[in-house]
Amino acid sequence: AAWFEKALHAPDQLRYRVAFALSELLVVSGAKQRTRFRGDSLAYYDDILAKNAFGNFRDLLDEVAKSPAMGIFLSHQGNKKYMSQSKTHPDENFARELMQLFSLGLWEMNANSSAVEIDGELVPAYSQEDVEQLARVMTGYDLVGNSRYGRTNRGAGEEWATPMEFSGTWHDFKGKSFLSKSINEESENVSGPSDFKNSLDIIFNHKNVGPHVAKHLIMRMVTSNPSAEYIERVSLVFNDNGTGVRGDLKAVVKAVLTDNEARGDEYKTNKNFGKAKE
């Protein structure tokens, strides 16, 4: 109800249109029982999208990754390091979708989102080993106030509208390596390891992120069939907003909506232009 009130009547309509498009990229759901009965987790998630709609994509990734709604939806809330006695391995769900759906896609891309080919073969954007290494990073995070790590009671003092907190007991502090980058081993005495920040930086700076985000926003806001040139123009703005800043969503949205392909007369003559109205 709060979302529709703002989406229909707030003065900053473009912000909520962008937030809605981002919700179709960085997806959570109320279908899971625990989030369905704690609507504050979903309201907080929607607030994250609206707040960052014209912010930086790197900041958005950080807040999304730590949000209770995402933690529960993609099961890294309460994620535990490998323990030999129980043979428990870290849950890989969020690590995989963070790369596949939210940032990189399946294959290495050119700036226009076309797939890179070597000797006629597509090049994977990440490997299963990358997923396993990133899953180790995403250990030790749980709801604030949770008395039983990894469990939820839909109450009992848990905070569902606050970023998840870190617990070193369950975190893997050893060195990691993914996407051809290394993250050093850290002391178990630190209150917050740097591997979380470093891993998101590695993902954020991957060359796929620009075309992946650009194509998504164009398809959700202008046309389902953008040209490769249109995607590349927006992708280059994601890479550099003109002042050396990467991931500036305000500049990206402006590029999407003011591009010649969006503002021209093509929609009058090309029956395949445009998109279904939501």
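The following legends describe close-up views of a predicted model.

In this predicted model, local features need pLDDT of at least 70 and side-chain atom pairs count only at pLDDT 80 or more, whereas totals for chains, interfaces and linings use all residues. Residues are numbered from 1 along each chain as its sequence is written, and side-chain values use heavy atoms, with hydrogens and water left out.

**View A. Surroundings of Asn79 in the loop between helix H6 (68–73) and helix H7 (93–100).** Helices (H or I, at least four residues) and strands (E, at least two) are DSSP runs, numbered from the N terminus. Asn79 has a relative accessible area of 4% and is buried; buried means under 20% relative accessible area, exposed over 50%, and partly exposed in between (1.4 Å probe, protein chains only). Contact denotes heavy atoms within 4.5 Å. With neighbours within four places in sequence left aside, the contacts of Asn79 include Pro90, Asp91, Ala135, Met138 and Thr139. Tyr141, Tyr149 and Trp170 are also among the residues in contact with Asn79.

**View B. The ring pair of Tyr141 and Phe196.** Rings of Phe, Tyr and Trp (its six-membered ring) pair if their centres lie within 6.5 Å; planes under 30 degrees apart count as stacked, over 60 as edge-to-face and the rest as tilted. By this rule the model has 8 aromatic pairs. One of them joins Tyr141 and Phe196, whose ring centres are 5.3 Å apart with planes at 50°, so the pair is tilted. Tyr141 belongs to strand S3 (residues 141–142) and Phe196 to helix H9 (residues 195–204), so the pair ties together parts that are 55 residues apart in sequence. Tyr141 is buried at 7% relative accessibility, and Phe196 is buried with a relative accessible area of 4%. Ring pairs link both residues with Phe166 and Phe173 into a cluster.

**View C. The rings of Tyr149 and Trp170, with Lys80 over the latter.** The ring centres of Tyr149 and Trp170 are 5.1 Å apart and the planes lie at 15°, so this pair is stacked. The pair links distant parts of the chain, 21 residues apart: Tyr149 is in the loop between S3 and strand S4 (165–166), and Trp170 is in the loop between S4 and strand S5 (176–178). Tyr149 counts as buried at 16% relative accessibility, whereas Trp170 is partly exposed at 22%. The charged end of Lys80 sits over the ring of Trp170, 4.7 Å from its centre. A charge sits over a ring if NZ of Lys or CZ of Arg is within 6 Å of the ring centre and within 35 degrees of the ring normal.

**View D. The charged end of Arg246 over the ring of Phe204.** The distance from the charged end of Arg246 to the ring centre of Phe204 is 5.4 Å.

**View E. Salt bridges around helix H5 (residues 57–66).** A salt bridge is a side-chain nitrogen of Lys or Arg within 4 Å of a carboxyl oxygen of Asp or Glu, and the structure holds 15 of them. Lys66 and Asp62 meet in one, at 3.6 Å from N to O. These two residues are 4 apart in H5 and are thus separated by about one helical turn. Lys66 is partly exposed, with 25% relative accessibility. Salt bridges that share partners join Arg58, Asp62, Lys66, Lys197 and Asp201 into one network.

**View F. The salt bridge between Glu261 and Arg233.** The closest N and O atoms of this pair are 3.7 Å apart. Glu261 lies in helix H13 (residues 260–263) and Arg233 in helix H11 (residues 228–239), so that distant parts of the chain, 28 residues apart, are linked. Glu261 is buried at 12% relative accessible area, whereas Arg233 is partly exposed at 37%.

**View G. Two residues with positive phi, Ser113 and Leu179.** Ser113 has a phi of about 80° although it is not a glycine. Its place is in the loop between H7 and S1, and Ser113 is buried at 17% relative accessibility. Leu179, also not a glycine, has a positive phi of about 50°. Leu179 is located in the loop between S5 and strand S6 (181–183) and is buried at 12% relative accessibility.
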